[in-house]
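Subject: Structure for your review

Dear colleague,

Please find below the structure that I am handing over to you. A summary of the findings follows it.

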Amino acid sequence: MKRSLKRLSILSLCVTLMLFIPFAGAAAAPTLTQSIGIGLFGASGLNTYLQAGTGTVPWTLLAAIDLVETGTAANPDAARLEAIKSKLSGSSARERISGYSDNPIFISMVENRMYSLSRIDLIMLDYSRVFPLASSAAYYYTDDYGAARDFGGERTHEGIDIICDKGTPVRSVCNGTVTKKGWLTLGGWRIGVEDENGVYYYYAHLSQYGAFEVGDTVRAGDILGYSGSTGYGPEGTDTVMIPHLHFGMYENDVAFNPYVFLRQWEVTVQPPAIVYNSRDEQLRKADTEGLRECGTPDRGVEA
Ligand SMILES: [Zn+2]
């Protein structure tokens, strides 16, 4: 009876997976061009998985199981991840997955998803990467990804604002190729770099550019430009907002939250010299001066 119930539950899981899980087509072997799928995580999902991961149960395994079971990673529940964790045992990922479920389709889907998610670790833990501002610069930032913005219509903030003095050198966080450069209504003078994973890095509101043009190769640490407050209007519009760097990350034109990446690249270099006491302090100052926060790429132009 128990066995038949188990068979039934496996069969129903199989059918459920095939009918409802959007990753059923991902059973084929992943390729280097396969999307990492970072955009699936929403504003804080990735951080929740990272925090739930341990030395023996990597976050990629938890996220992969959660993704395959629920079809979403936008709003992971910490208690649910703990429950998954408690059912995982074994000395390898394969053992843990096959101990969790004996459904070969499920195992294959989790393994494939884990493989693609592991590329996020490659980006995050790449020690050749740098924070976009030098550690000697004065800057301040918080996780303001997803915050409400209203210039150009109701929308959410698709990046992180790093408040800093105008003219602070802005560095490429990674090796890559310059793929975009020029004016955007929302982004002002912006430059964009694509890395070898196909992830796009967006630097906006610059006051000046560095020496690089579209098509040029850049190395992590190269100066792409200098921070400023350009944007929110026709070409040349300046000082509508407080000086800062807007930093965005996109995969397949889908934004994802760069905050945990920035925190990682920041600590792999040196602790920053923070001069501002708080972001609120900066924003209060901005309010009294009639300035506002920045926007996101004008997708119509950017795309
Ligand atoms: Zn911004």
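How many of the 303 residues of the protein, as a percentage, count as buried? The share is 38%. Please keep in mind that this is a predicted model.

**Overall make-up**

The protein contains nine helices and 13 strands. Among its contacts with a separation of 6 or more, 69% join residues that are 24 or more positions apart.

**Two helices in contact**

Helix H3 covers residues 59-70 and helix H4 covers residues 78-86. Their axes are 10 Å apart, and the two helices pack at an angle of about 105°. H3 is therefore roughly perpendicular to H4, since angles from 65 to 115 degrees are given that description. On the side of H3, the contact is made by Leu62, Ile65 and Asp66; H4 contributes Leu81, Ile84 and Lys85. Sorted by character, the residues of this contact comprise four nonpolar and two charged ones, with no polar residue.

**A sheet of three strands**

One open sheet consists of three strands in the order E5-E11-E9, and their pairing is antiparallel. Strand E5 (169-171) and strand E9 (208-209) stand at the edges. Each of these two has a single partner strand, so one side of each is left without a neighbour in the sheet. The antiparallel pairing of E9 with E11 extends over two bridges. As for individual residues, Tyr209 has Gly225 in E11 as its bridge partner.

**Two residues with positive phi**

The loop between strand E11 (223-226) and strand E12 (244-251) holds Tyr232, and Thr239 also lies in the loop between E11 and E12. Tyr232 is not a glycine, yet its phi is positive, at about 65°. Thr239 is likewise a residue other than glycine, and its phi has a positive value near 65°.

Is each of these residues buried or exposed? Tyr232 has 22 other C-beta atoms within 10 Å, and a residue with 20 or more counts as buried; Tyr232 is therefore buried. Thr239 has 14 other C-beta atoms within 10 Å. That number falls between the limit of 12 or fewer for exposed residues and the limit of 20 or more for buried ones, so Thr239 is partly exposed.

When you open the model, you may wish to begin with the pair H3 and H4, which pack at about 105°, and then turn to the loop that holds Tyr232 and Thr239.

Yours sincerely,

A colleague

How values were computed
Residues are numbered from 1 along each chain as its sequence is written. This is a predicted model: local features need pLDDT of at least 70, side-chain atom pairs count only at pLDDT 80 or more; totals for chains, interfaces and linings use all residues. Axes are lines fitted to C-alpha atoms, for helices over the stretch in contact, and angles run from 0 to 180 degrees between N-to-C directions. Helices (H or I, at least four residues) and strands (E, at least two) are DSSP runs, numbered from the N terminus. Angles under 35 degrees count as roughly parallel, over 145 as roughly antiparallel, 65 to 115 as roughly perpendicular and the rest as oblique. Two residues are in contact if their C-beta atoms, placed from the backbone, lie within 7 Å. Ala, Val, Leu, Ile, Met, Phe, Trp, Tyr, Cys and Pro count as nonpolar, Asp, Glu, Lys and Arg as charged, and the others, Gly among them, as polar. Two strands pair if DSSP finds at least two bridges between them.
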